[in-house]
Amino acid sequence: MNEVVQRLLPGPVVTDGAWGTELQLAGLGAGDCTDAWNVQHPDRVEVVARAYVDAGSHVILTNTFGANRLQLARHGLAREVAAINRAGVAISRRAAGTSAAVFASLGPTGRLLGMGQTTESELREVYSEQARALAEAGADALVLETFADLDELRPAIAAAKEMEMTVVASMVFDSGARHDRTMMGTTPERAAEAMAEAGADVIGANCGRGSSGYVAVCQRMRQTVEHPLWIKPNAGLPELIDGKTIYRTSAADFVHDVLDIVAAGASFVGGCCGTNPGYLGAVAMALRDRRANR
Ligand SMILES: [Zn+2]
């Protein structure tokens with residue numbers, strides 16, 4: 001683990017909330033390429049990054065979640081991997097200044113290895129390309145987030161470790177009768193073990209089915225590995241009501257659950273889909289109060 005990350009530990013460290021939903025409010029259309037906005041509308045992306053820094057985030061991510069060759073190819077941008085990732089780190093760095101660290105985001109390719117839609121060597125190459133661009137642009141760490149499939153995550157971790165970067169690996173638990181498994185049926189215990197074996201420095205869970213379910217996910221990971229934990233739940237599943245997308249989990253309920261998640265042993269906390277700078281500001285304030293009352 002590098003010095004920047006070590007200085008943040010043991011935490012709790014407030015990370016950021018959702019970017020996609022914030023960029024939609026700034027005008028991103030349904031079919032638009034979110035990551036391409038780093039070069040098309042860097043100013044609007046920076047507004048989102050800055051809002052999280054102002055809310056009290058000490059780690060912000062980058063708008064590079066889908067900036068791998070396979071995802072960018074859907075928009076005819078497969079050759080723009082380096083430019084889009086470099087711009088993403090530069091934007092977050094400008095917004096972070098000296099107040100926050102910049103952890104770069106990498107998401108899934110959208111292809112399933114088990115269905116023969118990609119190969120392990122292709123995944124390795126795709127993540128090497130993106131991880132290299134993010135590392136060379138000066139990110140403080142790499143965050144492999146929202147993964148549902150260990151078979152995709154393992155080559156991604158290997159590619160990220162090759163850059164000698166601190167690697168956060170985070171999976172989504174939203175399936176099974178109790179919503180405590182990945183889409184592929186993996187439990188938090190098995191996921192944590194596998195991520196540790198693959199070489200991740202920080203292990204976690206993000207997105208999901210709202211913040212309340214991730215208290216137990218955090219506890220179960222804590223009982224399985226000694227690594228620092230990274231937990232960023234969403235604000236519930238999006239629901240379409242009167243043509244508007246809403247998320248059921250209120251900021252107050254979210255903060256309540258995040259405090260339980262910290263008590264369960266998480267070092268890094270933040271939000272995923274449906275959370276915004278308001279949610280994260282409330283989390284930052286609650287953690288300050290908690291420290292003051294000790
Ligand atoms: Zn999410």
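Let's start in the loop between α8 and β5, where Glu-164 is found. This is a predicted model, and Glu-164 gives us a backbone value worth pausing on: its phi is near 60°, a positive value in a residue other than glycine. Most residues other than glycine have a negative phi. As for its surroundings, Glu-164 has 9 C-beta neighbours inside 10 Å, so it counts as exposed.

Now hold that next to Cys-207, which is found in strand β6. Phi of Cys-207 is also positive, near 60°, and again the residue is not a glycine. Is Cys-207 buried or exposed? With 24 C-beta neighbours inside 10 Å, against a cut-off of 20 or more, Cys-207 counts as buried. One positive phi therefore sits in an exposed loop residue, and another in a buried strand residue.

Both α8 and β6 come back when we turn to helix α9, residues 188-198. Its buried residues are Pro-188, Ala-191, Ala-192, Met-195 and Ala-198. Why do they fall on the same side of α9? Because they cover an arc of only 130° around the axis. What covers these buried residues includes α8 (150-162), β5 (167-171), β6 (202-207) and α10 (213-222). Right after the helix comes Gly-199, with a positive phi near 110°.

Two of those covering elements are helices, and we can look at how each one packs. Two packed helices are described by the angle between their axes and the distance between the axes. Take α8 with α9: the axes come within 9 Å and cross at roughly 30°. An angle under 35 degrees counts as roughly parallel, so α8 and α9 are roughly parallel to each other. The crossing is right-handed. On the α8 side the contact involves Leu-150, Arg-154, Ile-157 and Ala-158, and these meet Ala-191, Ala-194 and Ala-198 in α9. Sorted by class, that contact has 6 nonpolar, no polar and 1 charged residues. Ala-191 and Ala-198 are among the buried residues of α9, and here they turn up in the contact with α8.

On to α9 and α10. Their axes come within 8 Å and cross at roughly 50°, so the two helices are oblique to each other. This crossing is right-handed too. From α9, the residues involved are Pro-188, Glu-189 and Ala-192, which meet Val-217, Arg-220 and Met-221 in α10. The class split is 4 nonpolar, no polar and 2 charged. Pro-188 and Ala-192 also belong to the buried set of α9.

A further helix pair brings together other parts of the chain. Helix α4 (residues 42-55) and helix α12 (residues 277-292) have axes that come within 8 Å and cross at roughly 20°. That makes α4 roughly parallel to α12, and α4 passes α12 in a right-handed crossing. Which residues of α4 and α12 meet? In α4 they are Ala-51, Tyr-52 and Ala-55, and in α12 they are Pro-277, Leu-280, Gly-281 and Ala-284. By class, this contact has 6 nonpolar, 1 polar and no charged residues.

Next, have a look at the loop between β3 (101-106) and α7 (120-136), where Arg-111 lies. Arg-111 has 17 other C-beta atoms within 10 Å, so it is partly exposed. Leaving aside neighbours within four places in sequence, Arg-111 is in contact with Leu-70, Gln-117 and Thr-118. For a sense of spacing, the C-alpha atoms of Arg-111 and Ala-137 are separated by 26 Å, and the two residues are 26 residues apart along the chain.

Finally, go back towards the start of the chain and check the prolines in the loop between α1 (3-8) and β1 (13-14). Pro-10 lies there, and so does Pro-12. Most peptide bonds are trans. What is the peptide bond from Leu-9 to Pro-10? That bond is cis, with omega near 5°. The peptide bond from Gly-11 to Pro-12 is likewise cis, again with omega near 5°. If you're stepping through the backbone torsions, this loop holds both of these cis prolines, while the positive phi values described above belong to Glu-164, Cys-207 and Gly-199.

Terms used:
Residues numbered from 1 in each chain as written. Predicted model: local features only at pLDDT ≥ 70, side-chain atom pairs only at ≥ 80, totals over all residues. Buried ≥ 20, exposed ≤ 12 C-beta atoms within 10 Å, placed from the backbone. Helix = DSSP H or I, 4+ residues; strand = E, 2+ residues; numbered from the N terminus. Arc of directions from axis to C-beta. Contact = placed C-beta atoms within 7 Å. Axes fitted to C-alpha atoms, helices over the stretch in contact; angles between N-to-C directions. Parallel < 35°, antiparallel > 145°, perpendicular 65-115°, else oblique. Left-handed = near helix turned anticlockwise from the far one by under 90°. Nonpolar A, V, L, I, M, F, W, Y, C, P; charged D, E, K, R; others polar.
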